[in-house]
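Grab your viewer and work through these short exercises. Each one has a task, then a solution in steps.

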Amino acid sequence: MSLKATLKNQKVQASPHRKPIGRVIRDNRILMLMCLPAVLFFIIFFYCPLPGVYIAFTNYNFRDGIFGSPFVGFKNFEFLIKSGQLWALTRNTVLYNLAFILLGNVLQIILAIMVNEIRCSWFKKVSQTIMFLPYFISAVLIGVLAFNILNYDTGALNALIRSAGANPVKIYSMAGIWPFIIILCNIWQQTGYGSIVYFASICGIDSQIIEAAEVDGATSWQRIRYIILPSLKPTFIILMLFALGGIMKGNFGLFYNLIGPANSQLFPNTDIIETFVFRTMMNQNNFATSSAVGLYQSVFGFILVMFSNWVVRKIDPDYALF
Amino acid sequence: MKKNGVKMTASTAVVRIISYICVLFFSLMCLMPFLLMISASFSDEGIITREGFGLLPKGFSLAAYGWVFRYPKVILGSYGVTITMTVFGTILGLFLIAMTGYALQRQDFPFRNALSFFIYFTTLFSAGMAPTYIWVSRYLNLKGSYMAVFLQLLMTPWLIILMKNFARSVPYEITESGKMDGADDFKIFIMLILPMLKPALATVGLFLALGYWNEWYNSMLYLGSAVTYKPLQYYLYSIINTAAQLKSSMAGAAITITDLPSNTLKMATAVVATGPIIFLYPFVQRYFITGITIGAVKG
């Protein structure tokens, strides 16, 4: 290698950032081209709609379009706050998510520990396959399955009540019972699949520790209490924190398909931000109100994610998202 | 593992027995709604309207399935649309995701962090339902077009991150050896990297395929009744909801729709719309497990 080339190489290695930008682009043009379709995809479907949040500050009408419609400032938000809708929606969304997260994670841990106790391998395999199944069906089908059990005329639950000689119940008009049904459906769908993460970390425990405990005569319960549970703590905390970061985001598919688009007597107990946003947009064509609620959700959701990521970074920077 | 069964203390035995019972119970709970649906679809409409659904079919009948396929063009058309979208969407999406994921984990690619964040940011802040809807339907002019559904499901930030994490496990020496032979990055990706990413492709591909198969949301927003053949899950959605509508509007006029077995028909449609994925699922579930264990915690 000539002296000049060596020097040049050293220079490049010593200060790689000194490379002129045109050169960097030319050197990496193929890698950049490989990312181009994905970048275009996100520009078209996620970045381009962003200026549209301006609708939240207008009295949007179809004829004038986004930027032609009259500007009304924070009027849309004012109305939502004064009518108490924004508070009710936020409360429902957050409370449902809290129930999903807390109950869900606790049950997932319990399930993972129990599956780990099972020694019969075919039973383990078959039960796991069955428990994962609900996670892979569409939200529409969940609505169908629930309707099949709960409806007044032909539902399996009411068939059971009738055959016992009691009076059937109109579950689809009892608002108070729906929080329990929705939480139950969410647990039904998520617990099996969600337990895999915990199950994987149980399997990752050093087998020597467990064997040593067994030699010392530790019972199953002591093993769970003093080895397995403590080892799941970091996973639990991290998953909880990330879940809490998403506490403003609701599962539209689940709520919409369980309740249906028009069963308004249930809405006080079952309406979350997503279902409200969808309904005001599609049924009432009120794009301004819909956008206002959506923007409120995005802004607060953003703050919450940033905050939870900041906390995760404090605990263990390896797990932080960015 | 078997050895510790020899000398089992009472407490260990109790924990085991409780575990077996609870896991069995929860498995049955997971399975029951499906069994109810299947038995309902094979039931006789007359008995169902009197007695309601049960765990076993009441008066075995294939009438509901007869109705599902009475106008076979509709349901087969829906199958056609969903299968076409699933196949092409999965292949195209998988290729683009793999290409991006590989490029974004290359340590010698100076823009990797900036581009990763550019993609990841879309999960942190989004315009929301209404602005997106207006943009896609009014400005991209995709209302009533299958493309509105097909394109929006092509990739997600989570799947790109998942692919990136998988691609990290391919040693950099392989890329380097390709460079030595004078291949450019795209050629290296196609010839050397793609064959090594098979487990990743299976995992990400299955998530993509599931997304297309279960799709109903974009169809509801952008297709509505504008297309002759609705994607399968959206077709199921409209059967459920129009049948309910039909019933509520008929009840007021005191007319009975004598022929239409609406209750069992809904369940038969649900079985037909879900069927293939349930049969396929036990064979592919291990890839989903890899997906969540690799992609769940670490971003």
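**Exercise 1.** Find out which residues of α5(B) are buried, and what covers them.

*Solution.* Keep in mind that this is a predicted model. Start with the cut-off: a residue is buried if 20 or more other C-beta atoms lie within 10 Å of its own. In α5(B), that picks out B:Leu115, B:Ser116 and B:Ile119. Next, look at the cover: it includes α4 and α8 (157-168) of chain B, along with α3 (29-47) of chain A.

**Exercise 2.** Check the length of α5(B) against what its residue count predicts, then look for a bend.

*Solution.* Take the 13 residues of α5(B) at 1.5 Å a residue; the expected span is 18 Å, because the rule multiplies 1.5 Å by one less than the number of residues. Now compare: the end C-alpha atoms are 19 Å apart, which agrees. As for the bend, α5(B) has a kink of about 25°, and B:Phe118 is at its centre.

**Exercise 3.** Is B:Thr290 buried, exposed or partly exposed? Work out its surroundings too.

*Solution.* First, place it: B:Thr290 sits in helix α14 of chain B. Then count neighbours: there are 18 C-beta neighbours inside 10 Å, so B:Thr290 goes down as partly exposed, since buried needs 20 or more and exposed 12 or fewer. Skip the neighbours within four places in sequence, and B:Thr290 is in contact with B:Pro199 and B:Thr203. Finally, try a C-alpha distance: B:Ala200 is 90 residues away from B:Thr290 along the chain, yet the two C-alpha atoms are 8.8 Å apart.

**Exercise 4.** Describe the side of chain B that touches chain A: how many residues, from which helices, and of what class?

*Solution.* Count first: 87 residues of chain B are in contact with 81 residues of chain A. On the chain B side, the helices that each supply at least two residues include α2 (45-51), α4 (72-105), α5 (112-124) and α14 (262-295). The top contributor is α1(B), with 18 residues. Sorted by class, this side of chain B has 57 nonpolar, 23 polar and seven charged residues.

**Exercise 5.** Compare the radius of gyration of chain A with that of a compact globule, and sketch the chain's overall build.

*Solution.* The globule rule gives a value near 20 Å for 322 residues, whereas chain A has 27 Å. Add the extents: the C-alpha trace of chain A spans about 100 × 75 × 30 Å along its principal axes. For secondary structure, chain A has 16 helices and zero strands. Last, burial: 38% of the 322 residues in chain A are buried.

Note on methods:
Residues numbered from 1 in each chain as written. Chains lettered and ligands numbered in written order. Predicted model: local features only at pLDDT ≥ 70, side-chain atom pairs only at ≥ 80, totals over all residues. Contact = placed C-beta atoms within 7 Å. Helix = DSSP H or I, 4+ residues; strand = E, 2+ residues; numbered from the N terminus. Nonpolar A, V, L, I, M, F, W, Y, C, P; charged D, E, K, R; others polar. Rg over C-alpha atoms; globule rule 2.2 N^0.38 Å. Bend = angle between axes of the 7 residues up to and from the residue.
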